[in-house]
Amino acid sequence: MDSKVIYQRLNKVFRDVFDDDDITVNDKTTANDIEDWDSLEHITLMAAVQKEFKVKFSMGEIASMKNVGEMVHIIEKRAK
Amino acid sequence: MKELEYPFDSDYIIKKKKSIKRTLLADGKNRLKKKIAVFGGSTTHDIIVYLELFLLDQGIEPEFYESEYSQYWQDSMFPSEELLNFSPDLVYIHTTSRNIVNYPSMSDSKEQSEEKLEREYSKFEQMWKKITETHHCPIIQNNFELPFYRLLGNKDCSDYRGRSNFVGRLNQLFYEYSQNNDGFYINDINFISSSYGLRRWSDPSYWNMYKYAMCTEAIPEFSFNLSNIIKSVFGKNKKALALDLDNTLWGGVVGDDGVDGIQIGQETGVSQSYYEFQNYVKTLKDIGVILTVCSKNDHENAVAGLEHPEGALKPDDFIIIKANWENKDRNIVETANELNIFPDAVVFADDNPAEREIVRAQVPGVAVPEMDSVENYIINIDRSGFFEVTNFSADDLKRNEMYKANAERAAQMASFSDYGEYLLSLDMKAVIDDFIPVYLQRITQLTNKSNQFNVTTKRYTQTEMDSVFQSDEYVRLYGKLTDKFGDNGVVSVVIGKINGEILDIDLWIMSCRVLKRNMEFAMLDRLVERALARGIKTLRGYYYPTPKNKMVRELFKDFGFTKTDEDTNGNTVWELDTGSYEKKNTVITVEDNSSIAN
């Protein structure tokens, strides 16, 4: 899947989850860049992203993601 | 809100929880404010987030106390200052199989496994007693879901050393406590997890990564189920089910196909499905749900369809049959008026999406479940929790009879020209006296259900009512009314707090099914009599306006009280001198508790 399309869809998910239409994510985006992105919201985010792209992240993948770029990388490989 | 009604889309709710909350809070609705303390044995954050959404949607605005991670036992046994100040209206204990510490081991004897069971159970019982003692409020406690693996395979459920077996026995002990203690409710996580699918529910990664005891995608369903208990405890259940007929209670259109042509009974799979649904509806009557018909049909055709020999429901099962060609929203409002309930206490079941849409749009607050295909009817109504049973009183069993008798009274009234004569003809007998234990549950239920004839709209939990009952600082009255058409049960409650020579009337409520029967005057007569016996010179009444209690704005004036105060919000205070009071009731024969003993 084209990473441009992935970012578009990912932006929509971020905006829904954090209820903020001004959010635009890129490969460098981390939890530090979005005010409400704490460990609890991270759980919601993971659930919403997995639904959007119909993928299931393994525990190891979730634990090792350092930024949005790495998340997109996994989605690129696996999403349908 | 449609998005929060069963069958809802959990993924959508998870993604949109923030904007859903924003929308709910902006709708300007008047909600019941309740304080809920959540004691968790695992992460409870999202459970509270979704619980709040569902409660807001059901007319309750919750404020939460959330215990620190897994501090359920500490918060129960050693309440902090913060918790005491919070003063919860309800405590919810969110424990799961993950919190069981005394599972039997393979080398245990039967006795040792019993000891472990006892140890595990008594920890909980100790907590519940302590919570009741400290907070005097209802408790909701999870039972336990099945563990996610079975060391003994299929034998795990039957062998005393199996964890599945242990969980089952522990649950039984919880149920026994629930049967013996009012105000203690089980949140059936065992059912919800199996309904959701235990395999997905108990995905261990959610526990190991986030310390959630279930997968987070399941939490909306879980919280919805929990919200149903809470709204029921706080008196927000629905009361009536208004049913369409054609393609709802039977297959086909009785007006076109004829009685012999409709599908109901044992002939085919479809007719059996309708029969099963009719049977389900009939049993709703047994838990006190009022049944009515709301159908576009000629009346004769409707009744003929209901008289189908293969059907489970009969015309007699319905209090009101509206079979006409009027718009359904109008029929629903009229049905509510005739039953003396608010339209938002009605559930409207119709297979036609257009009719559902009209009623949903025109009648605010009415519940309109999806009725897309007959095999889903039962599940959709059942899972919606409209009629969630928490306190099940003898009155619930008789409610349909009472509404039926009401309809007969209305017919008799039409034959009298003088209203006083009509009242006398009813041969009314009342028992008006201090509370007795057998009615405490019904009394509490009434305080939480009455909205219209209710001057202060003060609500009591079962535990609070128990302490009012134990105290000698109150004058308490309940009123039970019988007439020649039947027993109305306990219909009125008055609670006055003794304040020297003044009696402050904390609560004055009456069920609307006995409006205009002079029951309120009979209550007042008795109240003055009891007040005088306690040396009280003045009765002081309070009226606090709500959107629903306009009917009693002038109640104290009609009683002969004098208004002594009024503020800008329309709150009024009234006083009555007991010394010069003259009895007002002349149509009801009043007795006391001794008449009930035999």
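Helices are taken here as DSSP runs of H or I at least four residues long, numbered from the N terminus. With that in hand, a good place to begin in this predicted model is helix H21 of chain B, which covers residues 519-533. Its 15 residues should span 21 Å at 1.5 Å a residue, and the end C-alpha atoms are indeed 21 Å apart, so expectation and model agree. Just after H21(B) comes Gly535(B), a residue with a positive phi near 75 degrees.

H21(B) has buried residues in its early part, where Met519(B), Glu520(B), Ala522(B), Met523(B) and Leu524(B) are among them. Further along the helix, Arg526(B), Leu527(B), Val528(B) and Ala531(B) are buried as well. The cover over these buried residues includes several strands of chain B, among them S10 (429-433), S11 (474-483) and S12 (486-499). Strands S13 (502-510), S14 (538-543) and S17 (589-591) of chain B also take part in covering them.

A second helix of chain B invites the same treatment. Helix H5 of chain B, residues 110-135, has 26 residues and reaches 38 Å from its first C-alpha to its last, close to the 38 Å expected at 1.5 Å a residue. An α-helix has 3.6 residues a turn, so residues three or four places apart point the same way. In H5(B), the buried residues are Ser113(B), Lys116(B), Leu117(B), Glu120(B), Phe124(B), Met127(B), Ile131(B) and His135(B). Their packing partners in chain B are two helices, H3 (72-77) and H6 (163-180), together with strands S3 and S4. The residue that follows H5(B), His136(B), has a positive phi near 45 degrees.

Strand S3 of chain B, one of the partners of H5(B), deserves a closer look. Five of the five residues in this strand, 90-94, are buried, so S3(B) is largely enclosed by the rest of the structure. Leu90(B), Tyr92(B) and His94(B) point one way from the strand, while Val91(B) and Ile93(B) point the other way. S3(B) pairs in the parallel sense with strand S1 of chain B, residues 32-40, over five bridges. Within this pairing, Gly40(B) has His94(B) as its bridge partner. S3(B) also pairs with strand S4 of chain B, residues 139-142, again in the parallel sense, over three bridges. Here Tyr92(B) is matched with Ile140(B).

Elsewhere in chain B, four strands form an open sheet with parallel pairing, in the order S8-S7-S6-S9. Strand S8 (320-324) and strand S9 (346-349) are the edge strands, each pairing on one side only. On average, neighbouring strands of this sheet are turned by 20 degrees against each other, direction ignored.

The bridges can be followed from one edge of this sheet to the other. S8(B) is joined to strand S7 of chain B, residues 290-296, by five bridges in the parallel sense, and Ala323(B) in S8(B) is the bridge partner of Ser295(B). S7(B) in turn runs parallel to S6(B), with four bridges between them; Val293(B) in S7(B) is the bridge partner of Leu243(B). S6(B) and S9(B) likewise pair in the parallel sense over four bridges, and Leu241(B) stands opposite Val347(B) in S9(B). Strand S6 of chain B, residues 240-243, is covered on both faces. Ala240(B) and Ala242(B) are buried on one side of S6(B), and Leu241(B) and Leu243(B) are buried on the other.

At the level of whole domains, chain B is divided into domain 1 (2-233), domain 2 (240-384) and domain 3 (413-597). The centres of domain 1 and domain 3 of chain B, taken over C-alpha atoms, are separated by 39 Å. Eight residues of domain 1 and seven residues of domain 3 take part in the contact between them. On the domain 1 side, these residues comprise two nonpolar, four polar and two charged.

Finally, chain A meets chain B through 11 residues of chain A and 13 residues of chain B. Helices H1 (3-18), H2 (39-53) and H3 (59-64) of chain A each supply at least two residues of the side that touches chain B. H2(A) gives the largest share of that side, six residues. By class, the side of chain A that touches chain B has seven nonpolar, one polar and three charged residues.

Note on methods
Residues are numbered from 1 along each chain as its sequence is written. Chains are lettered from A and ligands numbered from 1 in the order in which they are written. This is a predicted model: local features need pLDDT of at least 70, side-chain atom pairs count only at pLDDT 80 or more; totals for chains, interfaces and linings use all residues. Two strands pair if DSSP finds at least two bridges between them. Axes are lines fitted to C-alpha atoms, for helices over the stretch in contact, and angles run from 0 to 180 degrees between N-to-C directions. Ala, Val, Leu, Ile, Met, Phe, Trp, Tyr, Cys and Pro count as nonpolar, Asp, Glu, Lys and Arg as charged, and the others, Gly among them, as polar. A residue is buried if 20 or more other C-beta atoms lie within 10 Å of its own, exposed if 12 or fewer, and partly exposed in between; C-beta atoms are placed from the backbone. Domain bounds come from an automatic or database domain assignment. The expected span of a helix is 1.5 Å times one less than its number of residues.
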